[in-house]
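Hi,

Here is the structure I promised to pass on. Have a look at it first, and then read on for what I found.

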Amino acid sequence: MEPWLVLVRFVHYATSLILFGLVLFPFYAHPPATSHDAGSRGLAISLSLLVLASGTLWFIGVATSMTGGGVTWESALFVLTDTSFGAVAFELLPV
C-alpha cells in the first residue's frame with residue numbers, strides 16, 4: 001500500500017474520532033448550558049470538512065489501486081456499484 005494512502009486513512013480515522021468526541025463531550029461532561037460555544041462549533045465544521053476531504057481522497061486512492069490506473073467515471077461507478085464497498089455505501093443512503 002502506498003504511504004500517502006496510509007496517511008490519508010490515518011487522517012480520516014483521527015479526525016473522525018476527534019469529531020465524535022468533540023460533539024459528544026458536552027453531553028457527558030458539561031452541565032446543560034443555554035448557549036453553544038461558537039469556537040467548538042467552528043472546530044466541528046472544520047473537522048467535518050476534513051473528514052469529507054480525507055474520505056474522498058481515500059476513495060480515490062482505493063479506486064486507483066483497484067483499477068491500476070487513474071480514476072475515471074467508469075472506474076468510480078464500478079467501485080460504487082460492483083464492489084462490497086458500494087453495496088454497503090448504498091444501503092446506508094436513504095432512498
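A residue is called buried here when its relative accessible area is under 20%, and exposed when that area is over 50%. Please keep in mind that this is a predicted model.

Confidence first. The mean pLDDT of the protein is 81, with 82% of its residues at 70 or more. Helix H1 (residues 3–29) has the highest confidence, at a mean of 89, while helix H4 (residues 84–92) has the lowest, at 70.

Now to the part that caught my eye, where H1 meets H2. Val-8 belongs to helix H1. Its relative accessible area is 11%, so Val-8 counts as buried. Beyond its neighbours within four places in sequence, Val-8 is in contact with Ser-54, Leu-57 and Trp-58. Val-8 also sits 8.0 Å from Gly-55, C-alpha to C-alpha, although 47 residues separate the two in sequence.

His-12 is another residue of H1. With 14% relative accessibility, which is under the 20% cut-off, His-12 is buried as well. Setting aside residues up to four places away in sequence, His-12 touches Val-51, Ser-54, Gly-55 and Trp-58.

What does the view look like from Ser-54, and which residues is it in contact with? Ser-54 is part of helix H2, which covers residues 38–67. Its contacts, leaving aside neighbours within four places in sequence, are Val-8, Val-11, His-12 and Thr-15. Ser-54 has a relative accessibility of 4% and therefore counts as buried. Both Val-8 and His-12, described above, thus have Ser-54 among their contacts.

There is also a pocket to look at, the second largest one. Its volume is about 290 Å³. The residues lining this pocket are His-12, Leu-52, Gly-55, Thr-56, Trp-58, Phe-59, Val-62 and Phe-85. Which helix gives the largest share of that lining? H2 does, with six residues. By class, the lining has five nonpolar and three polar residues, and no charged ones.

His-12 links the two parts of this story: His-12 is in the pocket lining, and Gly-55 and Trp-58, two more lining residues, are among the residues that His-12 touches. When you open the model, His-12 in H1 would make a handy starting point for following both the contacts and the pocket.

Best wishes

Terms used:
Residues are numbered from 1 along each chain as its sequence is written. This is a predicted model: local features need pLDDT of at least 70, side-chain atom pairs count only at pLDDT 80 or more; totals for chains, interfaces and linings use all residues. Side-chain values use heavy atoms; hydrogens and water are left out. Helices (H or I, at least four residues) and strands (E, at least two) are DSSP runs, numbered from the N terminus. Buried means under 20% relative accessible area, exposed over 50%, partly exposed in between (1.4 Å probe, protein chains only). Contact means heavy atoms within 4.5 Å. On a 1 Å grid over the protein atoms alone, a cavity is a set of points where a 1.4 Å probe fits but cannot get out, and a pocket is an open set with protein on both sides within 12 Å along at least five of seven lines; lining residues have an atom within 4 Å of a point. Grid points are joined across faces, edges and corners, and a volume is the space filled by probe spheres set on the points. Ala, Val, Leu, Ile, Met, Phe, Trp, Tyr, Cys and Pro count as nonpolar, Asp, Glu, Lys and Arg as charged, and the others, Gly among them, as polar. pLDDT is the predictor's confidence in each residue, from 0 to 100.
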